[in-house]
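Here's a walk through one protein model, from its charges and overall shape down to a few single residues. Have a look at the structure, then read on.

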Amino acid sequence: MQQFEQILTFILNHKELIATLIVTLLTVIKLTTWGQAKAAALEAVIGVIERVGAKEVKTGVAGQELKLDTAAQDALRHAVAKVDPKKTPDGTVTRIVREVLRGVLPLK
């Protein structure tokens, strides 16, 4: 019972901290879900392009790829690799490590 009282006292004394933690966790979850939805949409569009074999679209996307930031280029390459049977997508661990180290270590 004493431990419960200590937890309750801590929560009541640090309401702002607890609220900030909850809002931060909800934001991370929402952003992760939003990112996954965008990735699924990108994969669907690229899958259609690959099945149709629209060379004009592929050429246009390849031309625009160099203008994208590195995170968007990685997402595009991964989406293409998932739907192209000739390519192998990077593993989950590789993508996570690349994302964690992005901006910390220079690429070139």
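## Charge and ground rules

Let's start with charge: the protein carries 15 positive and 11 negative charges, and the mean positions of the two sets sit 6 Å apart. Here Lys and Arg count as positive, Asp and Glu as negative, while His and the chain ends are left out. Each charge is placed at NZ of Lys, CZ of Arg, CG of Asp or CD of Glu.

A quick word on what you're looking at: this is a predicted model, where local features need pLDDT of at least 70 and side-chain atom pairs count only at pLDDT 80 or more, though totals for chains, interfaces and linings use all residues. Residues are numbered from 1 along each chain as its sequence is written, and side-chain values use heavy atoms, with hydrogens and water left out.

## Overall shape

The secondary structure comes to 5 helices and 0 strands; helices (H or I, at least four residues) and strands (E, at least two) are DSSP runs, numbered from the N terminus. The radius of gyration is 21 Å, well over the 13 Å that the globule rule gives for 108 residues, so the protein is more spread out than a compact globule. That radius is taken over C-alpha atoms, and the globule rule is 2.2 Å times the number of residues to the power 0.38. Along the principal axes, the C-alpha atoms fill a box of roughly 70 × 30 × 25 Å.

How much of the protein is buried? Buried residues make up 12% of the 108 residues, where buried means under 20% relative accessible area, exposed over 50%, and partly exposed in between (1.4 Å probe, protein chains only). About 8,900 Å² is exposed, with carbon and sulfur atoms supplying 67% of it; these areas come from the Shrake-Rupley method with a 1.4 Å probe, and for residues only the protein chains shown count as cover. As for contacts (heavy atoms within 4.5 Å), take those between residues at least 6 apart in sequence: 50% of them join residues at least 24 apart.

## Helix α2

α2 (15-52) has 38 residues, which should span 56 Å at 1.5 Å a residue, and its end C-alpha atoms are indeed 56 Å apart. The expected span is 1.5 Å times one less than the number of residues. Ile46, Gly47 and Ile49 are buried in α2, and the buried residues of this helix pack against α3 and α4. After α2 comes glycine 53, with a positive phi near 75 degrees.

Alanine 41 also lies in α2, but it counts as partly exposed because its relative accessible area is 41%. Alanine 41 and alanine 72 are 31 residues apart in sequence and 14 Å apart in space, C-alpha to C-alpha.

## Helix α4 and histidine 78

α4 has 14 residues and reaches 20 Å from its first C-alpha to its last, close to the expected 20 Å. Its buried residues are Gln73, Asp74, Leu76, His78, Ala79, Val80 and Ala81. What do they pack against? Their partners are α2, α3 (55-65) and α5.

Histidine 78 is worth a click: it belongs to α4 and counts as buried because its relative accessible area is 13%. Not counting residues up to four places away in sequence, histidine 78 touches Glu43, Pro89, Asp90 and Arg95.

## Proline 89 and isoleucine 7

Proline 89 sits in the loop between α4 (70-83) and α5 (92-101). Its relative accessibility is 32%, so proline 89 counts as partly exposed. Leaving aside neighbours within four places in sequence, proline 89 is in contact with His78, Ala81 and Lys82. Proline 89 and valine 23 are 66 residues apart in sequence and 34 Å apart in space, C-alpha to C-alpha.

Over in α1 (residues 2-13) you'll find isoleucine 7, which is partly exposed at a relative accessible area of 46%. Isoleucine 7 and alanine 19 are 12 residues apart in sequence and 15 Å apart in space, C-alpha to C-alpha.
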